[in-house]
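Colleague: Please give me a close look at the ligand sites in this model. Then go over the loops and strands elsewhere in the chain.

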Amino acid sequence: MINYLYQEQNWQSQLSDLITDPSELLSLLELSSEQLLSGAILASEQFKLRVPRAFVGKMNTQNPFDPLLLQVLPHHLELEEHPEFVTDPLGEEAANQLPGVLHKYKSRFLLTLTGACAVHCRYCFRRHFPYQENLPKNEDWLNIKNYIEANPHINEIILSGGDPLTLSNRKLALWLERLSSLKQIKILRIHSRVPIVIPNRIDEELISLLKNSRLRIILVVHSNHASELDDFTCSKLLQLSAEHITVLNQAVLLKGVNDSAQTLIDLSYRLFEARVMPYYLHVLDKVKGAQHFDLESSEIDDIYRDVLANLPGYLVPKLVREIAGEKNKTPLFGATTF
Ligand SMILES: *Cc1c(COP(=O)(O)O)cnc(C)c1O
Ligand code: SF4
């Protein structure tokens with residue numbers, strides 16, 4: 001384990017000092033394979049390497065199969081073409097009503113305020129999404145407000161990604177204020193991986209912003225493996241639940257990373273120690289460049305059965321797939337369609 005002093009370093013400086021050079025990452029982890037390096041350099045031309053040092057600090061050295069490393073290290077297999085794996089598997093470009101707004105489900109929509117993430121997850125279904133053309137500018141708020149008011153079923157806004165917690169607290173405060181000025185909005189959800197990869201993002205200012213809002217706040221973090229949840233990360237997550245902020249987790253089922261029942265069981269128990277409830281376990285979206293993380297339906301079925309048989313119901317994440325055009329995420333277990 002590399003011992004960084006990231007616990008004392010503020011999140012802004014961590015965010016401006018990300019690892020983006022494959023050779024630096026591999027040398028920090030004492031991995032000297034030429035093949036890994038050349039594959040990483042090639043694949044990072046399509047989707048750059050980006051990983052915070054605090055997250056690398058949770059990886060084991062000298063292990064090319066470390067489950068955290070596999071999520072972030074560009075790999076030559078990403079460059080292989082596969083007919084089922086495409087650039088917009090969810091048809092999101094079609095659901096894009098206004099800049100920043102992605103409205104597919106009745107009561108809630110995704111609002112993207114930034115295209116930036118603190119970490120580039122290799123399996124991400126948004127790796128090809130044209131963010132820069134789609135971000136709301138200041139003057140777009142009026143259009144978003146009108147859109148919400150014209151859709152009275154909307155009672156929840158989901159800040160999503162990019163990663164909203166890469167934004168400054170000042171900017172978040174501005175949007176919280178805007179959204180809470182609309183009476184019909186009751187719930188604000190934040191989807192973010194930053195608390196896992198830069199735990200110091202959960203700072204006093206953010207906590208006070210969230211706990212003082214009129215809105216019910218739900219933070220949905222994204223952790224795929226118990227090793228991502230070291231004691232320091234858990235202590236930060238516990239600060240949120242201490243302030244009555246609901247914290248949930250979503251994970252993605254990934255070959256080589258967490259494709260065993262025991263790994264998922266350990267993840268659920270570890271989350272619960274941090275008072276985080278497992279929410280979703282997503283099967284991989286068929287996005288171009290992520291085919292090497294894919295599992296057979298029968299493997300998924302076996303793993304999930306085993307998870308169900310070993311965990312109390314409240315620690316079992318819902319196994320779901322996002323299907324373009326559906327009104328909700330599609331539950332998979334017991335379904336005939338996967
Ligand atoms: C996943 C998702 C949501 C949130 O769905 P929940 O089931 O409420 O968690 C909302 N909008 C879009 C477009 C989504 O992909
Ligand atoms: S949107 Fe989430 S999954 Fe995708 S790269 Fe950003 S942090 Fe990773």
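Modeller: I will start with ligand 1, move to ligand 2, and then go through selected residues.

First, the ground rules. The model is predicted, so local features need pLDDT of at least 70 and side-chain atom pairs count only at pLDDT 80 or more, while totals for chains, interfaces and linings use all residues. Residues are numbered from 1 along each chain as its sequence is written, chains are lettered from A and ligands numbered from 1 in the order written, and side-chain values use heavy atoms, with hydrogens and water left out.

Which residues are around ligand 1? The list is Lys104, Tyr105, Arg108, Leu110, Ile158, Arg189, Tyr279, Tyr280, Glu322 and Lys329. A residue counts here if one of its heavy atoms lies within 4 Å of the ligand. By class, this shell holds 5 nonpolar residues, no polar ones and 5 charged ones. (Ala, Val, Leu, Ile, Met, Phe, Trp, Tyr, Cys and Pro are nonpolar; Asp, Glu, Lys and Arg are charged; the others, Gly among them, are polar.)

Now the polar contacts of ligand 1, meaning N or O pairs within 3.5 Å. Within protein, one atom must be able to donate a hydrogen and the other to accept it, and sequence neighbours count only if both atoms are side-chain atoms. Take Arg189: an N or O atom of its side chain lies 2.7 Å from an oxygen of ligand 1. The Tyr279 side chain also places an N or O atom 2.7 Å from a ligand 1 oxygen. For the Tyr280 side chain, the distance to a ligand 1 oxygen is 2.6 Å.

How much of ligand 1 does the protein cover? On its own, ligand 1 has 390 Å² of accessible area, and the protein covers 93% of that. (Areas are Shrake-Rupley values with a 1.4 Å probe; for residues, only the protein chains shown count as cover.)

Ligand 1 takes up space in the largest pocket. (A pocket is an open set of points on a 1 Å grid over the protein atoms alone, with protein on both sides within 12 Å along at least five of seven lines; a cavity is a set where a 1.4 Å probe fits but cannot get out; lining residues have an atom within 4 Å of a point. A molecule sits in one if more than half of its atoms lie within 2 Å of its grid points.) Strand 2 (101–105), strand 3 (108–112) and strand 8 (277–282) each give two or more residues to the ligand 1 shell. (Helices, H or I with at least four residues, and strands, E with at least two, are DSSP runs numbered from the N terminus.)

Next, ligand 2. Ligand 2 also sits in the largest pocket. Around ligand 2 are Cys117, Val119, Cys121, Cys124, Arg193 and His222. That shell divides into 4 nonpolar residues, 1 polar and 1 charged.

Now selected residues, beginning with helix 11 (residues 261–273), where Ser268 is found. Is Ser268 buried or exposed? Ser268 counts as buried because its relative accessible area is 2%. (Buried is under 20%, exposed over 50%, partly exposed in between, with a 1.4 Å probe and protein chains only.) A polar atom of the Ser268 side chain lies 2.6 Å from the backbone oxygen of Leu315.

The loop before helix 11, running from strand 7 (246–252), holds Asp259. Asp259 is partly exposed, at 30% relative accessible area. Phe293 is 34 residues away from Asp259 along the chain, and their C-alpha atoms are 9.5 Å apart.

The loop between helix 11 and strand 8 holds Arg275. Arg275 has a positive phi, near 55 degrees, although it is not glycine. Arg275 counts as exposed, at 59% relative accessibility.

Glu30 also has a phi near 55 degrees, positive in a residue other than glycine. Glu30 lies in the loop between helix 2 (22–28) and helix 3 (34–43). Its relative accessibility is 45%, so Glu30 is partly exposed.

Another loop, between helix 5 (67–72) and strand 1 (96–98), holds Asp88. Asp88 is partly exposed at 24%. Asp88 and His128 are 40 residues apart in sequence, with 7.2 Å from C-alpha to C-alpha.

Finally, two strand residues. Ile217 belongs to strand 6 (residues 216–222) and is buried at 6% relative accessibility. From Ile217 to Asn10 it is 207 residues along the chain and 24 Å between C-alpha atoms. Ile187 is in strand 5 (residues 187–192) and is partly exposed at 23%. Ile187 and Ile154 are 33 residues apart along the chain, with C-alpha atoms separated by 9.9 Å.
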